Structures are given as C-alpha cells and as structure tokens.
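Dear colleague,

I am handing over the structure we spoke about, with the sequence alongside. Please look through it first, and then read the notes below.

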Amino acid sequence: MRGLVLDVDDTVYLEQTYVASGFAAVEAWCANSLGVLGVGARAWRLFEDGGRGTTLTDALRDLGVEVTPEVRRAVVDAYRAHIPDIELLPDARALIELARSLAIPVGVVTDGPVSSQRAKVAALGLGALAKVVVVTAEWGTSKPDPAVFLAVEKGLSLAGHELVYVADNPIKDFQGPQALGWKSVRVRREGALHYQLATPPGVTEVPRLDSHGLVGLLSRSAAEAREAETK
C-alpha cells in the first residue's frame, strides 16, 4: 500500500456536527428573514427522530410557516452555503499526520453537493493535507462510480492495488474501489449515520482511524517501500 484515500462524512469527522452547524445557520436566516424562531431546534429534534431529506421544511411547517418554493430554496441555500463549524476528529488527524510523516500521499473522495462538500473540505483543512480531493458532484456522478476512484489513482499516480480506501457507508463506499483492486477499510464510529449497517464482505472494519491494524498497515507499507528502494 503506497497511498491512503479517505472519505469525509462520518470518516474524518462526525456528520451530525455538520448537521447541527447547518441547522444553526438556517435558524439565523429564519430569524432574520422570516422573523421565526426555533427552526434549528425543531429541525434537530426531527433529525434525532430519524428525519432526513425534508427535515428543514418539516420544521418550518411545524412552526406554522408556509413553505413556498422560494422559502425552500432559501433555507437549503443557507444550509449548504454556510461555513461549517466542524473539525477533524483526533484519530483522523493522527492517521493523516502519520501518513504524511511516512511520505504516504493522501487523497480524498466525497459525495454531496459541491458547495457543501467544498465548504467541509475547507473547514477541515483537507485541501492542505491531501494531494488530491475529488468531489464527485464536480464530475457529474457519485459513489460507487469507479470513475471517481480512477481520478484519484491518476491524481496520486498510483494503481489500485497500491491504495487503501477508508470510509464509513456500506451502501455506496466500497463497490467502486474494490472493483479496481483497492484495499477497503470501514470505520464504524459510534454516532455515525450508518453505524447500524453491517460491514460488507471483503472490507476490514475498525472502530477508529488510529486503530492498531490501520496504523500498522501504513507503517508496514512505508517500511516495505523503503526496503524496495534500497534493493
């Protein structure tokens, strides 16, 4: 393994912290533009109850607001365009710093709207830490499309068998890289949105990014690369 590739949401930070940050931004917009208070708190309760997709508009309706197409667009824009109050989890930062110290290049692949994913990348400092960042929506596709993983291979100048991909979502994260011969690792965090889903066959599961197995994999790979260079 000569390259480390990471997913973003629920892999290097907990996505629920982004959701809370976005709801706070929508709360501020609704207070300033509609004179309505409590939208963020109501949306969070719906989210905790399993609400997805229409959480913000459901919260507005619960508070008696008529959700016109214009209002809906405005709250979605406020959510997606806000500057996220998020940070790398300590174990994620430790793994990235270890990879960089071992001269193992880091790549990032992330799904979602361009504006929100680029804002997350900036808030987490991943642009400075990773050699290549692929936001799938900028390619007009999403995971598990192998095309985005091929783009990472090209950006890192490495082949599939030289890469390990660390992500969280069993539904879409691993089919693409596995088809290209990548090693796949699923981080199964408490509090992650897909925590309850089973890890697919052929995918290694770890509870944290500083788990012994993953750290050992990077260290062994770096040692093997140094040994190969001396032969």
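A salt bridge is a good place to begin: the side chains of Arg189 and Asp91 meet in one, with 2.7 Å from N to O. Arg189 lies in the loop between strand E5 (183–187) and strand E6 (204–206), whereas Asp91 belongs to helix H5 (residues 90–101), so the pair ties together parts that are 98 residues apart in sequence. Arg189 is buried, its relative accessible area being 7%, and Asp91, at 2% relative accessibility, counts as buried too. Elsewhere, Asp7, Lys143 and Asp173 are joined into one network by salt bridges that share partners.

Please keep in mind that this is a predicted model. The mean pLDDT of the protein chain is 93, and 97% of its residues reach 70 or more. Among the elements of the chain, strand E3 (residues 132–135) has the highest mean pLDDT, 98, while helix H10 (residues 212–230) has the lowest, 74. As a general caution, where pLDDT is low, the predicted coordinates should not be read in detail.

The count of salt bridges comes to 12, and two of the others can be described within single helices. In one, the side chains of Arg61 and Asp58 meet at 4.0 Å, N to O; these residues are separated by about one helical turn, because they are three residues apart in helix H3 (residues 55–62). Arg61 is partly exposed, with a relative accessible area of 48%, and Asp58 is also partly exposed, with 30%. In the other, Glu70 forms a salt bridge with Arg73, and the closest N and O atoms are 3.8 Å apart. Here again about one helical turn separates the partners, since Glu70 and Arg73 are three residues apart in helix H4 (residues 69–81). Arg73 is partly exposed, its relative accessible area being 47%.

Strand E1 (residues 3–6) also deserves a look, as both of its faces are covered: Gly3 and Val5 are buried on one side, and Leu4 and Leu6 are buried on the other. In a regular strand, the side chains alternate between the two faces of the sheet. E1 pairs with strand E4 (residues 163–167) in the parallel sense, over four bridges, and the bridge partner of Leu4 in E4 is Val164. E1 also runs parallel to strand E2 (residues 106–110), to which three bridges join it, and in E2 it is Gly107 that stands opposite Val5.

With best wishes

How values were computed:
Residues numbered from 1 in each chain as written. Predicted model: local features only at pLDDT ≥ 70, side-chain atom pairs only at ≥ 80, totals over all residues. Heavy atoms only, no water. Buried < 20%, exposed > 50% of the residue type's maximum accessible area, 1.4 Å probe, protein only. Helix = DSSP H or I, 4+ residues; strand = E, 2+ residues; numbered from the N terminus. Pairing = 2+ DSSP bridges. pLDDT = per-residue confidence, 0-100.
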